[in-house]
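Take a look at the sequence and the model below, and keep both handy while you read. We'll walk through a few places one by one.

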Amino acid sequence: MTDLAQRFWGVPGPAADPGDLLYVDEFGRRITVRHFTELAESRQAHLTAAGARAGDVVVCAVETSLLWLATLAGLWLLGAVPVVGRSSTPRPVLDTTARRIGASHVLVQPATGFELDAIAGAGPRPDPGTGADRLLFGQLTSGSTGEPKVVGHNRSGVAGFARGVATLYGADRTARILTAADISFGYGFGNTVLIPILTGAAAVLWSDPARTEAMMGVIDRESVTIAALSPRVWAGIARKLRTTGTGALGTVTTAVSAGEPLPDDLRAGLEKRLRLSMIDGYGATEILHIVATRRSAADGFVAVDGMSLGVATTPAGQVLAVTGPMVARPYLHAPPADRPKLTGGTFVSGDAVHADGERLTIVGRADFLLNRGGVLCSPVELEAAAWEVLGVESVAAEVDVPGTPAAKLVLGVVDPNAGRSPIQLGKELRARLAGRSHLAPDTVTTLTALPLTATGKLDRRAAAGMLARRVGSTVRWRSLRAGPGPAIVLLPCAGASADFYQGLASAAKCAVSAVEIDPSAVTDLDELIETIADYLHAETDPGDRLVGHSLGAAILAAAAAVRPDAVRGRTAVTFCPPPAHPTAAEFAALARETDRMLAARFTGQPRALDRARRRVDSSLSAAAGWLDRLGKHLATFPSAAEVSPADDSMNRGADPITMCHNHIRVESGGHYLPLTDPLRALDLIAAVTPAISDNEEIA
């Protein structure tokens, strides 16, 4: 029999049979206690040969894989202290962190294999402690609540975890647990590393919270009994359960949600389908894992066995304070302002609480609370109302909009029913919020997906940026169609709103967005270009197709010149790029073609046609003066292809503007080809995107 907890950490654990299942790895392989022990001992030998020694502190850029789990175990067998961070953490950040905390090495896993690099100039090592105060491992916080910090956990914390969390989960040698959080985070580390070793339960490795259907299949196939996920992942499961048989997730007996409280309707729906009671969990890196739970919407949060909850008064208001053995030792590194939050076995969180007698409600991050006419509320309340009324996932944030005296409450929704406009959704939500007017959003916009952290929690800082980009007065990001990637991102011609490209978006089989610009509202062209470059960098991914149309082509070229990393790895296609110095005759011809396009678009709508003409005339006039400054970038812009119709009024009688090796001259289509013939435009985009695999369709 083997007691891995005793071997690794000096904490009594279950005596496991060597043939017991311990992990189902990322490839679906069954890993027994014997196999894992052999892997850990092999990794110990490799680390020793590479120069690691007992007492070393090693900063590790980990990911959820069997090899990394065995490597951490090898460090513990060696007597070293791993400090766990994300695999995506930049190497300079890892090196700086190592020096700050006195680490001897940094351990990374590039494509060529593990590399253990010694750190020169590191500060003094942290006190390893003895007995219950022995330092076992450290963790880098995610940085979602401020500058990343380094937390150290002692043997007493692991022992407290074994008493409290393992009992809460009902974990034993018969259980199987799956979590969707990476092991670089406390929630993922506790569920994937601590639970199996301390209880004998088998962990099923999974680290992709976005692949809901695949994850549900793994839960069913592996007979998972404990599902420990975030609210957003549970929301995705709830959507899938509406269309699957009643047997889905039928083996789950313990369902835990951590990150933020589950909306009441979501909780009720899940409990009905799964026939169990959902557990809300509260935790943080500084307190190792979940330390507080509630089992119904009517209950307050209570501490797990051995821990206690209290209220601390801070400049941000009343926040949760946690005391007990699972609280980390003082920060190994933190900004000076954060250090008082973790002292003397107490962690003062940044989460606002309401105390009603003994009932304690955790409202949410104090720095994300909304002040609506003097009423403080959590964005979770509005998001729960959107789920209840509209049946959509959403994120709410207050956004400063230039030109407005006060911040606007913006709700971004992911609407599976694409037929509903943001205006319709906003009207419906406001009408149903009678008596809760403080929750009524000022603006509703659509998102193709919610930004999530690696733990599957909603990334509120990223979400606030996304919402701000969608409600700007001069530049707005518009999501026209949800779908798989690579996405198409449009930079429209002057005067055309994103709605003009809805035909193209509707015909596509991928996600389509547009950067909507109002040239008549622009006062600083340089600022506009920098803003668009920032938008492209934040919202697009390598492989996406950036499509510039007319003025949009010149703006795309200028944005690429200002910030090359905003377009690096993307495929750029330009339609009808303008001359650097258009003549008066070319502009006059364009005006006539523009009027014909608008007349065809707004047939039988005289008022709408008149408004569109005024808007487009104003935008064309404003944009005319930009080309002298923007045109110089077109000649050197590295687009994959340039499409120029022979009957384009801006190039009539002149040679096409060839700014790349792949110039496509089409016989007809005019300057507004992407608007008037979207299917043809999609075919042309597909023809010049060689980076896209053969089995991917965009049109």
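**A walk through the model**

Let's start at a pocket: α9 (264-274), β20 (359-365) and α10 (379-390) each supply at least two residues to the lining of the second largest pocket. Before going on, keep in mind that this is a predicted model. Which of the elements gives the most to that lining? It's α10, with five residues. The space inside the second largest pocket comes to about 530 Å³. A total of 22 residues line the second largest pocket, and D264, R294, T361, V380 and E381 are the closest to its centre. Sort the lining by class and you get 11 nonpolar, three polar and eight charged residues.

Now for the cores. Here's a bit of background: in soluble globular proteins, nonpolar side chains tend to be buried together. In this model, the largest nonpolar core has 80 residues, and the ones touching the most other members are F8, W9, Y23, F36 and Y169. Helix α3 (residues 66-78) provides the largest share of this core, 10 residues. Apart from this core lies another one, of 74 residues, including A641, M650, A681 and V688.

Let's zoom in on Y23. Skip its neighbours within four places in sequence, and Y23 is still in contact with R29, R30, I31, F36, L66, L69, T192, V193, P196, A203 and L205. Y169 also turns up in the next stop, T254, a residue of strand β12 (residues 254-258). Not counting residues up to four places away in sequence, T254 touches Y169, T225, I226, A227, L276 and I279. Is T254 buried or exposed? Its relative accessibility is 13%, so T254 counts as buried.

For contrast, find T313 in strand β16 (residues 308-314). T313 counts as exposed because its relative accessibility is 69%. Along the chain, T313 and V348 are 35 residues apart, and their C-alpha atoms are separated by 9.4 Å.

Helices are a good place to think about sides. An α-helix has 3.6 residues a turn, so residues three or four places apart point the same way. Try that idea on helix α18 (residues 627-634), whose buried residues are L627, L630, G631, H633 and L634. Look down the axis of α18 and these buried residues fall within an arc of 155°, so they line one face of the helix. Which exposed residues sit on the face turned away from that buried side? They are D628 and K632. On the buried side, α18 packs against α14 (525-539), α15 (551-562), α16 (584-601) and α17 (606-624).

Helix α11 (residues 422-431) can be read in a similar spirit. Its buried residues are L425, G426 and L429. They cover an arc of only 100° around the axis, so they sit on the same side of α11. The face of α11 turned away from its buried side carries the exposed residues I423, K427 and A431. What covers the buried residues of α11 includes β24 (408-414), β25 (443-446) and α10, the helix we met as the top contributor to the pocket lining.

Next, a pair of serines in loops. S223 lies in the loop between α7 (212-221) and β11 (226-229), while S550 lies in the loop between β29 (545-549) and α15. S223 isn't a glycine, yet it has a positive phi of about 55°. S550 isn't a glycine either, and its phi is positive too, at about 55°. How exposed is each one? S223 has a relative accessible area of 36%, so it is partly exposed. S550, at 8% relative accessibility, counts as buried.

Stay with α7 for a moment, since T212 lies in that helix. T212 counts as buried because its relative accessibility is 12%. Leave aside its neighbours within four places in sequence, and T212 is in contact with G236, I237 and K240.

Our last stop is R461, in helix α12 (residues 460-470). R461 has a relative accessible area of 42%, so it is partly exposed. In sequence, R461 and R211 are 250 residues apart, and from C-alpha to C-alpha they are 22 Å apart in space.

Conventions
Residues numbered from 1 in each chain as written. Predicted model: local features only at pLDDT ≥ 70, side-chain atom pairs only at ≥ 80, totals over all residues. Heavy atoms only, no water. Buried < 20%, exposed > 50% of the residue type's maximum accessible area, 1.4 Å probe, protein only. Helix = DSSP H or I, 4+ residues; strand = E, 2+ residues; numbered from the N terminus. Arc of directions from axis to C-beta. Contact = heavy atoms within 4.5 Å. 1 Å grid on protein atoms, 1.4 Å probe; cavity = no way out; pocket = protein on both sides within 12 Å on 5 of 7 lines; lining within 4 Å. Points joined across faces, edges and corners; volume = space filled by probe spheres on them. Nonpolar A, V, L, I, M, F, W, Y, C, P; charged D, E, K, R; others polar. Core = buried A, V, L, I, M, F, W, Y, C linked by side-chain atoms within 4.5 Å.
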